[in-house]
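Trainee: I would like to go through this model element by element. Where should we begin?

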Amino acid sequence: MKIIIGPASKKLASKTAKIAKCEKIQVINKRFPDGEVYVRIEGNIKNENIAIIQTTSPPQNINLIQLAFIASAAKLAGAKKIVGIIPYLAYSRQDKMFLQGENISIDTIASMLKTAGIDQLITVNIHQEKVLERFSFAAKTLSAIPLLAQYFKQQGHNEAFSLAPDKGAVYITEQAKNVIGGECGYLEKRRDRYTGAISCDSKKSFNVKGKTAIIFDDIISTGGTIVNATKILLELGAARVFAACVHPLLIGDAEKRILNAGVEQIIGTDSVPGRFSKVSLAPLISQEIKALKSG
Ligand code: R5P
């Protein structure tokens, strides 16, 4: 299996190729003066199984088009099987019609990827695993939570309290607890579908007095969810609060808002490359690639 280095995940893809002992295939990419995207695969992939590693975090539309063009180019170049490894899968939160007249965005994305030539998809901590059942081709999600929890354990935060900011993240805190130990709990979160404003059930009580608490989530976007959860933890007497997520989007002034709320540190993975990518997904993805190679 050869690995195509997606322009949006250069470092992660190279690291993964090294660990999985796969040949790297580079992509030339540029934008035309009018903004259109151009890609060209360098290297021979005829009759090869290939994996394209390309995240689709912002600028998500560009990254998605790049991915589709690379897959399409790989097909034209004679690739046998194309696995799309998309650590952050954009549009996966719009997985149903929340309001009349909306689109189910993830369905459109899945069709586009299939049409482009992707035969199988692997992503990481997709917002709802169930959404993958809607795909007309093989699709699975991996979990980076044990890696994130390991990071905190190595920093000496054994037995910290793991908090899920909503019910959807409960499985996440259970996975974290398996590594860190300690207790875990979850909040009931509501989001206004028109304004996006978040409110939480602040009547819940957790045993966090004088303890370190880590809020684990799949995504941090505007930071509203973490800010709310932090307020509750501090009101309950938590001594230290950390925020961990798989996909650190941190849009606009999210970091400032989160730190102002009292979070000590924000830890994410290289699913969204940047300052918060303290934990690499390379060991997790390379394991999966090794399994694909031997399967
Ligand atoms: C939604 O339920 C997700 O799990 C995250 O909690 C959410 O996407 C975070 O968004 P924000 O940072 O904008 O509150």
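Mentor: With a definition: helices and strands here are DSSP runs, numbered from the N terminus, and a strand is a run of E with at least two residues. The model is predicted. On that numbering, one residue to start from is His-247, in strand 13 (residues 240-248).

Trainee: Is His-247 buried or exposed?

Mentor: The cut-off for buried is under 20% relative accessible area. Outside its neighbours within four places in sequence, His-247 is in contact with residues that include Tyr-88, Asp-218, Ile-220 and Ser-271. The relative accessible area of His-247 is 2%, so this residue is buried.

Trainee: What C-alpha distance separates His-247 from Thr-269?

Mentor: Along the chain these two residues are 22 residues apart. In space, the C-alpha atoms of His-247 and Thr-269 are separated by 6.3 Å.

Trainee: Asn-125 is also in contact with His-247. What is the phi of Asn-125?

Mentor: Asn-125 sits in the loop between strand 6 and strand 7. With 2% relative accessibility, Asn-125 counts as buried. Its phi is positive although the residue is not glycine, with a value near 35 degrees.

Trainee: Glu-159 has a positive phi too. Is Glu-159 buried or exposed?

Mentor: Glu-159 belongs to the loop between helix 4 and strand 8, and its phi is near 65 degrees. Exposed requires over 50% relative accessible area. Glu-159 has 54%, so the residue is exposed.

Trainee: Turning to the sheet, which strands stand at the edges?

Mentor: Seven strands form an open sheet with mixed pairing, in the order 3-2-1-4-5-6-7. An edge strand has a single partner strand, so one of its sides is left without a neighbour in the sheet. The strands in that position are strand 3 and strand 7 (138-142).

Trainee: What is the average twist from one strand to the next in this sheet?

Mentor: The strand order is 3-2-1-4-5-6-7 and the sheet is open. From one strand to the next, the twist averages 20 degrees.

Trainee: How many bridges join strand 2 to strand 3, and in which sense do they pair?

Mentor: Strand 2 (residues 23-31) also has three bridges to strand 1 (residues 2-5), and those two run parallel. On the side of strand 3 (residues 37-42), Arg-31 stands opposite Val-37. The hairpin of strand 2 and strand 3 has five residues between the strands, and Gly-35 there has a positive phi near 100 degrees. The pairing of strand 2 with strand 3 is antiparallel, and its bridges number six.

Trainee: Which residue in strand 5 is the bridge partner of Ile-53?

Mentor: Strand 4 (residues 49-53) and strand 5 (residues 81-86) run parallel and are joined by five bridges. In that pairing, the partner of Ile-53 is Ile-85.

Trainee: What angle does helix 2 make with strand 3?

Mentor: Helix 2 (residues 60-76) packs on the sheet and touches strand 1, strand 2, strand 3, strand 4 and strand 5. The loop between strand 4 and helix 2 holds Pro-59, and the peptide bond from Pro-58 to Pro-59 is cis, with omega near 5 degrees. The direction of helix 2 makes with that of strand 3 an angle of about 40 degrees.

Trainee: At what angle does helix 8 run to strand 6?

Mentor: Helix 8 (residues 282-294) lies across strand 1, strand 4, strand 5, strand 6 (120-124) and strand 7. Its angle to strand 6 is about 155 degrees.

Trainee: Why does helix 6 count as roughly parallel to helix 7?

Mentor: Their axes come within 9 Å, for helix 6 (residues 224-235) and helix 7 (residues 254-261), and cross at roughly 5 degrees. That angle makes the helices roughly parallel, because angles under 35 degrees count as such. The contact residues of the pair divide into five nonpolar, two polar and one charged. Among them, the residues from helix 7 are Arg-257, Ile-258 and Ala-261.

Trainee: How many disulfides does a search of the whole structure find?

Mentor: Cys-22 is buried at 9% relative accessible area, and Cys-184 is partly exposed at 28%. A disulfide needs cysteine sulfur atoms within 2.5 Å. The number of disulfides found is zero.

Conventions: Residues numbered from 1 in each chain as written. Predicted model: local features only at pLDDT ≥ 70, side-chain atom pairs only at ≥ 80, totals over all residues. Heavy atoms only, no water. Axes fitted to C-alpha atoms, helices over the stretch in contact; angles between N-to-C directions. Helix = DSSP H or I, 4+ residues; strand = E, 2+ residues; numbered from the N terminus. Parallel < 35°, antiparallel > 145°, perpendicular 65-115°, else oblique. Contact = heavy atoms within 4.5 Å. Nonpolar A, V, L, I, M, F, W, Y, C, P; charged D, E, K, R; others polar. Pairing = 2+ DSSP bridges. Buried < 20%, exposed > 50% of the residue type's maximum accessible area, 1.4 Å probe, protein only.
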